Structure formats: structure tokens, C-alpha cells
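Let's take a friendly walk through a protein model, one step at a time. Keep the picture at hand as you read.

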Amino acid sequence: MKVEPSGVIFNGVCEVQTDKCVARETAPITAVWTFPGRLQVNVCGACIEEQARTGEWKIQGARVLPRVDVAAYSPDKKLKLVVEVKKKPGKKTSLKSWVKTIHHNLIAQGGVPQTPYFLLAVVPDKFYLWKHETLAASNKPPDYEVNVSDLLKKYVEKTSFTFETASEYQFERLISQWLEDTIRAKKSDDEALRWIYESGLYDDIKGGLVMTQAAVAA
């Protein structure tokens, strides 16, 4: 669907409320006009970006760069890793099938840029890591499946929330901090970190840059 931003900022509640929504309660939002029909939709900035990133909306007169949850760069500033944080689906959903579908849709439809590594963090349980050689990799299962608690337990213990109560945004911050600490430390014999060394991810981003809520070119 095509939409045209109004450019007007006011306080209100977002009518779209994607997983990334920042205005479920009264907060700064804007209005967009939909085509055809020219209907007004009140929406927060985070949901505009998410709708554009997933292809639900095409923004008239503007190019919106996809904003990923966490991005990691090599020391020479090349994008190596994109992290997507998602809440665990309901019990009736097959987790393995859901994980593969999320990965395929984001990669094949350009929701995130094609990078050597893609990490899907399913809150609050698992990390799923893919290594991408070609676009065809969007159809393959993850190369690594990792328990989140093994990696983030000491970070969660320093907060006022738990694995079960943490929001996606809080997990984004924790993952970003864990990545920064890991790539600035020497390799260890910690079995919980074997996957990041074995996959080559550690070597590719060691000494690089980690960013949260980063706008990247797809």
C-alpha cells in the first residue's frame, strides 16, 4: 500500500502498533495518508519504518532506510551481522517452522540487507544464527541454535527485569552489550561461545562496531 507522510507531529496513540511500536500509549506520532482512498492513519516513527521495511507500505516521496535491531561491523566498517529480535510465538505455532519463515521473508524480500551472518533472537529462549553465502541461503535452516540464558544470564541479573518480562527493546540493548563485550575480549574456552568462534563471526567483527537500532542500506 502506498502512503504519503503529512509531516505533522502531534501526541496520540499509534493505530498500527507493530512489534516495534513506541506509542502504544500517548506519545509523539504523525499522520500518513493512504492511497487509494486517502484515509488518515496515525502512526509512530518506529512503525512507519517497520511497515516500510517489511514491504507493507511504500512511502511516497521518500526513501526509508531499513532499521535493524542490532548491527555489527568489521574494523574496516563493513556490515557483517544483522540481529533481529522477535517475541516467541504462541504455543500452537511450530517454532522451527516459524523461525525458518521469519528468516526467509526478511532475507528474500529485502527486509534486512544480505550480510555474511544473520542472527534471529527469539525472546526469551534462543539465538538462531545463519551463515549466508548466497541469497539462496534464505531457504536453509539455521547453522547454530543457542540457549540465550547461557549468554545473557549475567546481564539480566544486573537489571530490574527477567528473561520472561523483558521487552524486545530491552533485549536489543542486552544483546548489543553482550556482543560488544565478546568482540573486545580474547577467545575463551567457554563452551557457550563455541558457536561464535566456530562460525567465523567472532573473527569477522572482533574490534569492530556494534550499533542498536541502526539504519542500514538493504
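Which residues in H4 are buried? Before the answer, remember that you are looking at a predicted model. In H4 the buried residues are Glu-168, Phe-171, Glu-172, Leu-174, Ile-175, Ser-176, Trp-178, Leu-179, Thr-182 and Ile-183. It helps to know that an α-helix has 3.6 residues a turn, so residues three or four places apart point the same way. You can also check the length of H4: at 1.5 Å a residue, its 16 residues should span 22 Å. The C-alpha atoms at its ends are 22 Å apart, which agrees.

Stay with one of those buried residues, Trp-178, and look for its aromatic partner. The ring centres of Trp-178 and Trp-195 are 6.0 Å apart and the planes meet at 20 degrees, so this pair is stacked. Trp-178 belongs to helix H4 (residues 168-183) and Trp-195 to helix H5, 17 residues apart, and the pair links these distant parts of the chain. Both Trp-178 and Trp-195 are buried.

Trp-195 has another ring to meet. The structure holds 6 aromatic pairs, and one of them joins Phe-127 and Trp-195 edge-to-face, with 6.4 Å from centre to centre and 70 degrees between the planes. Why does this pair tie together parts that are 68 residues apart in sequence? Because Phe-127 lies in strand S8 (residues 126-131), while Trp-195 lies in helix H5 (residues 194-198). Phe-127 is buried, just as Trp-195 is. Taken together, ring pairs link Phe-127, Trp-178 and Trp-195 into a cluster.

Now turn to a sheet. Here 4 strands form an open sheet in the order S3-S2-S1-S4, and their pairing is mixed. Strands S3 (40-43) and S4 (58-59) stand at the edges with a single partner strand each, so one side of each has no neighbour in the sheet. At the S4 end, strand S1 (residues 2-12) runs parallel to S4 and is joined to it by 2 bridges. To find this spot, look for Lys-2, which stands opposite Lys-58 in S4.

Across this sheet you will find a helix: H1 (residues 45-53) lies across strand S2 (27-35), S3 and S4, and runs at about 115 degrees to S3.

One last stop is a charge over a ring. Arg-38 lies over the face of Trp-33, 4.6 Å from the ring centre.

Terms used:
Residues numbered from 1 in each chain as written. Predicted model: local features only at pLDDT ≥ 70, side-chain atom pairs only at ≥ 80, totals over all residues. Heavy atoms only, no water. Pairing = 2+ DSSP bridges. Contact = heavy atoms within 4.5 Å. Axes fitted to C-alpha atoms, helices over the stretch in contact; angles between N-to-C directions. Phe/Tyr/Trp six-rings, centres within 6.5 Å; stacked < 30°, edge-to-face > 60°. Buried < 20%, exposed > 50% of the residue type's maximum accessible area, 1.4 Å probe, protein only. Lys NZ or Arg CZ within 6 Å of the ring centre and 35° of its normal. Expected span 1.5 Å × (residues − 1).
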